[in-house]
Amino acid sequence: MGLLSHLLKPVYGETLTSWISRLVGAEYIDEEQINNAYASQAHHTRGDLDVLYQCDDFMRLLEPKLRDAIQNRFRLPDLPLLSFASSDVYCPRCLKEDVAAGIAPAWRISWRIQGACLCEQHESPMLLRRLDSTRFTHMNKGWIAFGDHINSPASRLSVDFAVTKARSRSEITRNRILLHLIRRVQRWKSSQVDMGLVSELSPLAGRYLMYVWLWQNVDYAGTCGFARQYFRPMRGSVITPSPRKGLGLVTLFDRVDMQHVGVAYLLLGIAYGVISQEESELIREITFSVSWIFPVNRHEVGACGRSALGREALERVREEVRDALRDRDFQLIVWAFDQ
């Protein structure tokens, strides 16, 4: 009899390790046995246990009739993904709905996609969160995230972004407007840009353009990109070390706050006409920043991006992006660097 002889129905879009962890929690399989299987196969997956369906030795542990179903059900998309070890992005609403349905909270494949900041499973957009706790493992991550959110101030807030300086009844509606605009741009990027269907913005150029606005110094000090600055105060006159280089594309997306990614999507949508002039002016009107006025066209997006970085950091970012992209791709986004 195969290792997984008794099954729980996978949640829609669930990762392989999440499903197995729920089988362990329900005592359908032995935790020690599955941990030994993980350990023996980890080198084949380069540490990403969600792709164990690619390992013949692991698949032989399954009943033959399950192997094709496992491969099809849990296959990861051919997209840039968060690393398995740092995959700590989750949707609080999904986890709450799991618990309300009487099942252990499940981890979703869509949460591992680099640059995704909204959960697409809800009619009303939901901003993804990052785990505050570092105590999680692939076995307990769902429950840790559920408790993390329930015990955090975020679960009691009505908005995700700073909208208007004074509190009002309309702030929830305004927050929802921002989320809908972000969702529009996120979908445009995933369905158009990332598929190579937009001539003026290649997939890699699009990722690096967001990197410019989300840029962070390796020292975690000093200047950072506009999307990281908009909803928080500047450091003012605090003396900070000169920037050495950025975190790099993969590392940055493994760590960046989802609120900041949302701001980067708004900038992207404005720069490429996915968000209209009228909608851009509404974003400026309803958001509140102590340091910046939100840009409403590509010219202002470029100017704000350069001003936020400053001359020295801008040169560092330009060098990074120039080295990473082919000339054709770099020319598509050179407007973000040059006045």
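Is F330 buried or exposed? Hold that thought for a moment. First, a word on what we have here. This is a predicted model.

Let's start with the whole chain. There are 339 residues, and 52% of them count as buried. The secondary structure comes to 14 helices and four strands. Along the principal axes, the C-alpha atoms fill a box of roughly 65 × 50 × 40 Å. The radius of gyration is 22 Å; a compact globule with 339 residues would have one near 20 Å, so the chain agrees with that.

How about the contacts? Take those with a separation of 6 or more. Of these, 68% are between residues 24 or more positions apart. And the surface? The chain exposes about 16500 Å², and carbon and sulfur atoms supply 50% of that.

Now the rings. The structure holds 15 aromatic pairs. Look at W143 and F146. Their ring centres are 5.9 Å apart and their planes sit at 85°, so this pair is edge-to-face. Both are in helix α6, and because they are three residues apart, about one helical turn separates them. W143 is partly exposed, at a relative accessible area of 49%. The cut-off for exposed is over 50%.

Back to the opening question. F330 counts as buried, because its relative accessibility is 1%. Its ring partner is F337. The two centres are 5.7 Å apart, with the planes at 25°, so these rings are stacked. F337 is buried as well, at 5% relative accessibility.

There is also a cluster. Ring pairs link F161, F226, Y230, F231, W292 and F294.

Next, charges. The structure holds 15 salt bridges. Find R130 and D88. Their side chains meet in a salt bridge at 2.4 Å, N to O. This pair links distant parts of the chain, 42 residues apart. R130 is in strand β4, and D88 is in the loop between α4 and β1. Both R130 and D88 are buried.

Step to the neighbouring position, R129. The side chain of R129 meets that of D160 in a salt bridge, at 2.6 Å, N to O. Here too, distant parts of the chain are linked: R129 is in strand β4, D160 is in the loop between α6 and α7, and their positions lie 31 residues apart. R129 is buried, and so is D160.

A third pair looks like this. R326 and D329 meet through their side chains in a salt bridge, at 3.2 Å, N to O. R326 counts as exposed, because its relative accessibility is 52%. D329 counts as buried, at 5%. Then there is a network: salt bridges link D48, D50 and R112.

Stay with R129 for a second, and go to H149. What does H149 touch, beyond residues up to four places away in sequence? R129 is one of its contacts, and the others are Y90, P92, K96, A154 and S155. H149 lies in helix α6, residues 141-150. H149 is buried, with a relative accessible area of 5%.

On to helix α12, residues 277-286. Which of its residues are buried? S280, I283 and I286. Why do they line one face of the helix? Seen down the axis of α12, they fall within an arc of 140°, so they share a face. The general point is simple. An α-helix has 3.6 residues a turn, so residues three or four places apart point the same way. What lies on the other side of α12? There, E278 and E285 are exposed. And what covers the buried residues? The cover includes α7 and α11.

One last stop: G206. This glycine lies in helix α8, residues 203-214. G206 is buried, with a relative accessible area of 0%. Leaving out residues up to four places away in sequence, G206 touches K189 and L201. Now compare V163. G206 and V163 are 43 residues apart along the chain, and 27 Å separates their C-alpha atoms.

To recap, three places to look at on the model. The stacked rings of F330 and F337. The buried salt-bridge partners R130 and D88. And helix α12, with S280, I283 and I286 buried and E278 and E285 exposed on the other side.

Definitions and conventions. Residues numbered from 1 in each chain as written. Predicted model: local features only at pLDDT ≥ 70, side-chain atom pairs only at ≥ 80, totals over all residues. Heavy atoms only, no water. Helix = DSSP H or I, 4+ residues; strand = E, 2+ residues; numbered from the N terminus. Buried < 20%, exposed > 50% of the residue type's maximum accessible area, 1.4 Å probe, protein only. Contact = heavy atoms within 4.5 Å. Arc of directions from axis to C-beta. Salt bridge = Lys/Arg side-chain N within 4 Å of Asp/Glu carboxyl O. Rg over C-alpha atoms; globule rule 2.2 N^0.38 Å. Areas by Shrake-Rupley, 256 points an atom, 1.4 Å probe, with all protein chains shown as cover. Phe/Tyr/Trp six-rings, centres within 6.5 Å; stacked < 30°, edge-to-face > 60°.
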